[in-house]
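User: I have not looked at this one before. Can you take me through the ligand and the pocket?
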Amino acid sequence: MIKFLDLHKINKRFHKDYETAFKQSLKDSHFILGKNVLNFEAAFANYCGANYCIGTANGLDALTLILKGYIHLGKLKKGDKVMVPANTFIATILSVIHAGLEPVLVEPCKNTYTLSITNVKQQFTPKIKAIIAVHLYGQLADMEAFAEFSNTHNLLLFEDAAQAHGAETSLGKAGNLSHAAAFSFYPSKNLGALGDGGAVTTNHKDLEQTIKLLRNYGSKEKYNNEIIGVNSRLDDMQAAFLNIKLIHLDADNEKRSAIAKTYLREITNPKIQLPKYNGSKKHVFYAFVVEVEDRDGFIKYLEANAVAWLIHYPIPPHKQKALALLSHLNLPITEKIHKRIISLPISPVMSIKEVQAVIKVVNNY
Ligand SMILES: Cc1ncc(COP(=O)(O)O)c(C=O)c1O
């Protein structure tokens, strides 16, 4: 069986370094907001080219804390509307709801699957105060266009960069292309921890200070609570592991891109619609997503031929039971995408033999 993502193999490369870091953590016993978190925050801010990084418990909290941070700073208020892509992972939308704001779902561009500037412009109303662009599947959204639009209308612009660690354009890297960005270090991500983890990056000191308070019970000093906060700190042990992995992120992204380029060159089956990709570093291929007409048939075929698959994501957020309040929305592009997409195996530890085997199976479909 060709695995979708071999997490054991991904992490095995670093077992020795993890063990050293684990032993050191036990020795230091500074488990909450210790020096590993401080080191990781400095290193990841530097990696993204942003002034600040604040570690959080996960990616959903990172998104929510950005929004709550700007509510605290008086730049957003309860009930304000926030534009999000309709075809995102549910966390993007949940963060808006958790912050007491109202999500406005916008159809994506059908070629890139990222938020469409044309649709943003069409759906814009003065009640909209912020946009969260999602770098879906590892591909940067059109941040230049969103920045221009946000400036014109005085909106806050955010990135959901949970799937795009290291993606870059001439403007900069994911995490440094908006007012603030949220990252997830969920184990399967391009930069994945050995458990949950997340971070916010920003160039705005007021937001950094606020999120540092919010994530830690509203407290700078122990038992002195300045604002109503939550408990959402990046675990110090996870930060130690992330420090080890961050060094290899660029090389791992290169391997993902090389596999993607091979798929694009060698998958020639007309029944498989390949992703549009211009070879730039704008895409770090968290997922290699193709479209197929008869997805159920294709799944059966892949399974019979021992190729693992996933769907990112099988049910669009507005059709989820949890978001019944959005079920009336008419989002034909999103619904069509969710019916046709399927992700092929891609990871920095896939062998050439495995890549070739996937290509052969897909071409024979
Ligand atoms: C696009 C996107 N946003 C947000 C998240 C939330 O991250 P987490 O699972 O760390 O809360 C994820 C990942 O799960 C994601 O893929």
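**Ligand and pocket**

Analyst: A backbone N or O atom of glycine 59 is 2.8 Å from an oxygen atom of the ligand. Keep in mind that this is a predicted model.

User: What about aspartate 160, how far is its polar side-chain atom from a nitrogen atom of the ligand?
Analyst: The distance there is 2.7 Å.

User: And the side chain of lysine 189, which ligand atom is it paired with?
Analyst: An N or O atom in the lysine 189 side chain lies 3.2 Å from an oxygen atom of the ligand. On its own the ligand has 380 Å² of accessible area, and the protein covers 91% of that.

User: How many residues surround the ligand?
Analyst: There are 13, and the closest are Gly59, Asp160, Gln163, Ser184 and Lys189.

User: Switching to pockets. What volume does the largest pocket have?
Analyst: Its volume is about 490 Å³. The lining consists of 29 residues, with Phe89, Tyr186, Lys189, Tyr286 and Tyr313 closest to the centre of the pocket.

User: Which elements give two or more residues to that lining?
Analyst: Helix H4 (59–72), helix H5 (90–98) and strand E8 (180–184) do. H4 provides the largest share, three residues.

User: What classes of residue make up the lining of the largest pocket?
Analyst: It has 16 nonpolar, nine polar and four charged residues.

User: Which domains does the lining draw at least three residues from?
Analyst: Domain 1 (7–246) and domain 2 (249–363) each supply at least three residues to the lining of the largest pocket.

Key
Residues are numbered from 1 along each chain as its sequence is written. This is a predicted model: local features need pLDDT of at least 70, side-chain atom pairs count only at pLDDT 80 or more; totals for chains, interfaces and linings use all residues. Side-chain values use heavy atoms; hydrogens and water are left out. On a 1 Å grid over the protein atoms alone, a cavity is a set of points where a 1.4 Å probe fits but cannot get out, and a pocket is an open set with protein on both sides within 12 Å along at least five of seven lines; lining residues have an atom within 4 Å of a point. Grid points are joined across faces, edges and corners, and a volume is the space filled by probe spheres set on the points. Helices (H or I, at least four residues) and strands (E, at least two) are DSSP runs, numbered from the N terminus. Ala, Val, Leu, Ile, Met, Phe, Trp, Tyr, Cys and Pro count as nonpolar, Asp, Glu, Lys and Arg as charged, and the others, Gly among them, as polar. Domain bounds come from an automatic or database domain assignment. A residue is near a molecule or strand if one of its heavy atoms lies within 4 Å of it. A polar contact is a pair of N or O atoms within 3.5 Å; within protein, one must be able to donate a hydrogen and the other to accept it, and residues adjacent in sequence count only if both atoms are side-chain atoms. Accessible areas come from the Shrake-Rupley method with a 1.4 Å probe; for residues, only the protein chains shown count as cover.
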